[in-house]
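Thanks for sharing this one. Here are some notes to read alongside the coordinates, in numbered points.

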Amino acid sequence: MRKRNFWWLTLLTILPLANQAAAGTDTKTQALRFDLYRDYLIVARGSAGPVKGLNFLLDTGASPTVLDRHLVQKLHLEESPASIAVLDGSVEAGRAVVPDLHLGPMQKQNLSVLVEDLSFFQKALPLHIDAVIGLDVLGQVPFEIDYTSREIYFGSLPRLANSLPFQIKAGLPIAEAQVDRVPVHLLVDTGASSIILFGPSTPRPISPMRISAVNAIGEAERKQVWLHSLNLGEAKFGQEPAFMVRSRTDGNHDFDGLISPAALGITKIAIDRDRGLLSFSR
C-alpha cells in the first residue's frame, strides 16, 4: 500500500527542553473550557467512540488529527502504514479511521487520523495526551481561543482588533507576514512554543547562538536569533526572539516558518476557515 506524507510540526516544538460533514455546526456561539500548560499548550477534554474523558491537545499546526496508538488499540481500529513529514525528514506512523470523535460542540464521524505513540508528551506535561486535534476538527466552524479566560468559543464571533487573510495549505493555516521587512509565509501554530524560521530563505539571523535540540523524532539544529521586527497584517511587533532551523526536507513545504500566538503575547486568536480570516488581539 502506498504511504502518504503528512505534516506535524508539534513534534518539533513541544520538547525544546528535554469523512463525513460535521454534525452540529450551528453558528450559535458555544464555549469549551481548557487547561493551559507551559503558558501555551491547550488541553481540553473530549471523547472518541465510547471512550470519554480523554485529554486532547488542540494544535492548529497538526494536519491531520493524531491519535495515540494505545487509544487506537483500545478502540480496536484497523491501522495502515503512513509517514509524517517533519523538518528532519520523515518518521513512520500509522493511519486509521475513528468512527466518532467529540470535542465540546464539535463532532466528526469517520475521521481519518494519524496514529503515533504520544507518550513523549509526558516529558513536558503532567498528564497523558490521547490525541492531538488539528484544524480538520477545530476548523469546522469559526472559533476563538481566549488564553486569558481559558475558553474556546465556536460559532459566529465578532472580529478582534487585528485581522488579516490566511490560506489553508495541506490542512494548515498559513498567513503572510514580514520578518525584518522580508515577506514570508508563516504557519499559525498554537502548539508551538516560539517563533521558528526555516533555512536560508528567511532573513539573515542576528547575533545567532548555536543550539542543538533533541526531541522524540530526531534532531534539529537550531540557532537562536533576535528579530528586529515582525508584522502581521497591520499589527507591528518589536524585537522578538526566534529560532532558525535548517530543514532536511529540501524545502518541501509551503511556508517559511511558524509563529506561536502565545509567544507573541496574543491573548485572543480567532480562525474563520471558510472566510480565510485570522484575527487576534493583544
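1. In this predicted model, D35 has a relative accessibility of 31%, so it counts as partly exposed. D35 forms a salt bridge with R45, and the closest N and O atoms of the two are 3.0 Å apart. That pair links distant parts of the chain, with D35 in strand β3 and R45 in strand β4, 10 residues apart. R45 also counts as partly exposed, because its relative accessibility is 38%.

2. R45 is a good place to move on to the strand pairing, since R45 stands opposite N55 in β5. Strand β4 covers residues 41–48, and it pairs with β5 in the antiparallel sense over 5 bridges. The two strands form a hairpin with 2 residues between them. If you check the backbone there, G49 in the turn has a positive phi of about 60°.

3. Is strand β5 largely enclosed or largely open? It is largely enclosed by the rest of the structure, because 6 of its 8 residues (51–58) are buried. Besides β4, a second partner is strand β11 (residues 131–133), which runs parallel to β5 and is joined to it by 3 bridges. Within that pairing, L57 has V132 of β11 as its bridge partner.

4. Now the packing. Nonpolar side chains tend to be buried together in soluble globular proteins. Here the largest nonpolar core has 59 residues, and the members that touch the most others are L58, L67, V98, L103 and I133. Apart from that core lies another, of 15 residues, which includes Y40, L57, A62 and L118. For I133, the contacts beyond four places in sequence are F56, L57, L58, D59, T65, L101, L103 and L138.

5. A few backbone values deserve a look. Most residues other than glycine have a negative phi, and most peptide bonds are trans. The bond joining S63 and P64 is cis, with omega about -5°. P64 is found in the loop between β6 (62–63) and β7 (66–68).

6. Two aspartates have a positive phi: D39, near 70°, and D180, near 50°. D39 lies in the loop between β3 (35–37) and β4, while D180 is in the loop between β15 (172–179) and β16 (182–188). Which of them is buried, and which exposed? D39 has 63% relative accessibility and therefore counts as exposed, whereas D180, at 18%, counts as buried because the cut-off for that class is under 20%.

7. Back to charged pairs: how many salt bridges does a search of the whole structure find? The search gives 4. One of them joins E79 and R69, with the closest N and O atoms 2.6 Å apart. This pair also links distant parts of the chain, from E79 in the loop between α2 (69–74) and β8 (80–86) to R69 in helix α2, 10 residues apart. E79 counts as partly exposed at 34% relative accessibility, and so does R69 at 25%.

8. One more pair for your list is D272 with R275, where the closest N and O atoms are 3.8 Å apart. D272 counts as buried because its relative accessibility is 12%. R275, at 57%, counts as exposed.

Technical notes
Residues are numbered from 1 along each chain as its sequence is written. This is a predicted model: local features need pLDDT of at least 70, side-chain atom pairs count only at pLDDT 80 or more; totals for chains, interfaces and linings use all residues. Side-chain values use heavy atoms; hydrogens and water are left out. Buried means under 20% relative accessible area, exposed over 50%, partly exposed in between (1.4 Å probe, protein chains only). Helices (H or I, at least four residues) and strands (E, at least two) are DSSP runs, numbered from the N terminus. Two strands pair if DSSP finds at least two bridges between them. A nonpolar core is a set of buried Ala, Val, Leu, Ile, Met, Phe, Trp, Tyr and Cys residues joined through side-chain atoms within 4.5 Å. Contact means heavy atoms within 4.5 Å. A salt bridge is a side-chain nitrogen of Lys or Arg within 4 Å of a carboxyl oxygen of Asp or Glu.
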